[in-house]
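Q: I am new to this structure. Can you walk me through how to read it?

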Amino acid sequence: MNKKILILGSSGLLGSSLRNYFKNNNTQVLCHSRKSDSKFSVDLTIAKDTLEMLSEVKPDIIINLAGMTDVNLCEKNPNLAYVSNVKIIENIKLYLMLKSSTCHLIHISTDHIYDSSNNSHENEVAIKNYYAFSKYAGELAAMSIPMNVSVIRTNFFGLSLCEGRKSFTDWLYESGRNKTKINVFDDVKFSPLSMKSLSKYISLIIEHGPIGIMNLGSRDGMSKADFSFLFIEKLGLDCSFMTRLNSTDLDQYTKISRPFDMRMDSTNFEKTFNLKLPTLLREIESVKEDYYEKNK
Ligand SMILES: NC(=O)c1ccc[n+]([C@@H]2O[C@H](COP(=O)([O-])OP(=O)(O)OC[C@H]3O[C@@H](n4cnc5c(N)ncnc54)[C@H](OP(=O)(O)O)[C@@H]3O)[C@@H](O)[C@H]2O)c1
């Protein structure tokens with residue numbers, strides 16, 4: 001690939017996997033992160049610094065993963081949620097507009113803006129909390145750029161390559177190995193992809209060009225409890241450390257309004273790319289292999 005690709009927020013959970021994917025596929029990428037070892041380490045909420053960095057790099061593709069993903073923190077500090085999940089995109093927009101850039105912005109959003117009893121289509125948005133609100137406002141900011149924008153609503157899991165940041169499956173795996181008692185929710189549903197698959201599809205979007213707003217998840221979804229039991233069973237571990245509960249049974253969980261059903265209908269993506277997305281079971285089976293490898 002001859003395009004200059006810049007990943008913003010590359011040191012986070014998805015960023016670490018995406019970087020690894022590009023490395024394994026011999027695709028050169030430039031990586032922004034706030035970590036001091038990065039050549040591009042600006043605070044993206046500061047317009048001047050963002051403008052300077054982007055003007056220096058002049059990317060053909062920006063993949064924006066930077067943002068605030070902690071739902072509790074967003075609720076406690078809506079201003080910080082706005083600054084992290086909206087202002088950053090406004091600053092990217094400022095660069096694109098000032099420089100009349102034709103750069104393709106691929107912005108990663110979330111399934112957290114859905115809550116329906118079926119697989120949600122792109123127009124069935126339901127905002128439950130400040131995280132969802134700020135992510136949706138970020139999408140609006142991205143879509144206000146006149147051209148060359150892809151907004152990907154997604155969720156993901158898999159072995160974390162990011163130091164100090166655990167994924168959902170890391171938490172399940174470590175709890176299973178240490179026999180730590182945990183609760184898994186029957187009443188919360190989702191349709192995530194593995195980070196490897198998501199990285200592959202981001203790469204396809206780069207090749208294809210802008211696609212507007214699209215859901216990108218596994219073909220079917222399931223409850224977090226079913227997911228957890230399947231994952232642990234596939235790893236050959238004893239499941240007795242997990243208790244099935246409804247999230248509404250836990251006071252601590254209900255303090256913040258949250259979506260129960262974030263499953264997405266990703267047929268628009270399948271049609272656009274003429275492919276079939278994997279089932280969640282297939283994704284679990286593929287991710288299981290990474291945990292086996294890690295443990296060898
Ligand atoms: N995690 C999930 O399960 C999930 C599910 C659905 C969608 N998403 C979306 O996917 C994207 C990536 O998520 P993730 O889990 O990989 O996030 P993450 O691990 O929290 O990483 C976010 C990255 O953004 C950077 N960042 C935050 N504020 C910044 C700022 N002001 N200036 C520069 N960099 C900043 C962080 O840098 P530092 O490391 O320096 O803080 C970090 O590298 C997010 O947009 C998220 O909303 C995530």
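A: Start with the sheet. This is a predicted model. Its open sheet has 6 strands, in the order S2-S1-S3-S4-S5-S10, and the pairing is parallel.

Q: Which are the edge strands?
A: Look for a strand that pairs on one side only. Here those are strand S2 (29-31) and strand S10 (212-216).

Q: How are neighbouring strands turned against each other?
A: On average by 20°, with direction ignored.

Q: How many bridges join S5 to S10?
A: Strand S5 (residues 149-154) and S10 run parallel and share 5 bridges. One pair to find is Thr154 with its bridge partner Leu216 in S10.

Q: What does helix H7 touch?
A: Helix H7 (residues 195-208) packs on the sheet and touches S1, S3, S4, S5 and S10. Its direction makes about 150° with that of S4.

Q: Now the ligand. Which residues come nearest?
A: There are 25 residues around the ligand. Leu14, Arg34, Tyr131, Lys135 and Arg165 come nearest.

Q: Which elements supply the shell?
A: Helix H1 (13-24), strand S4 (104-110) and helix H5 (130-143) each give at least two residues. S4 has the largest share, with 3 residues. By class, the shell holds 10 nonpolar, 11 polar and 4 charged residues.

Q: Where are polar atoms of the protein and the ligand paired?
A: Check N and O atoms. A backbone N or O atom of Leu13 is 2.8 Å from a ligand oxygen. A polar backbone atom of Leu14 also lies 2.8 Å from an oxygen atom of the ligand. In the side chain of Asp43, an N or O atom is 2.9 Å from a ligand nitrogen.

Q: How much of the ligand does the protein cover?
A: On its own, the ligand has 900 Å² of accessible area, and the protein covers 85% of that.

Terms used:
Residues numbered from 1 in each chain as written. Predicted model: local features only at pLDDT ≥ 70, side-chain atom pairs only at ≥ 80, totals over all residues. Heavy atoms only, no water. Near = heavy atom within 4 Å. Polar contact = N/O pair within 3.5 Å; in protein donor to acceptor, adjacent residues only side chain to side chain. Areas by Shrake-Rupley, 256 points an atom, 1.4 Å probe, with all protein chains shown as cover. Helix = DSSP H or I, 4+ residues; strand = E, 2+ residues; numbered from the N terminus. Nonpolar A, V, L, I, M, F, W, Y, C, P; charged D, E, K, R; others polar. Pairing = 2+ DSSP bridges. Axes fitted to C-alpha atoms, helices over the stretch in contact; angles between N-to-C directions. Contact = heavy atoms within 4.5 Å.
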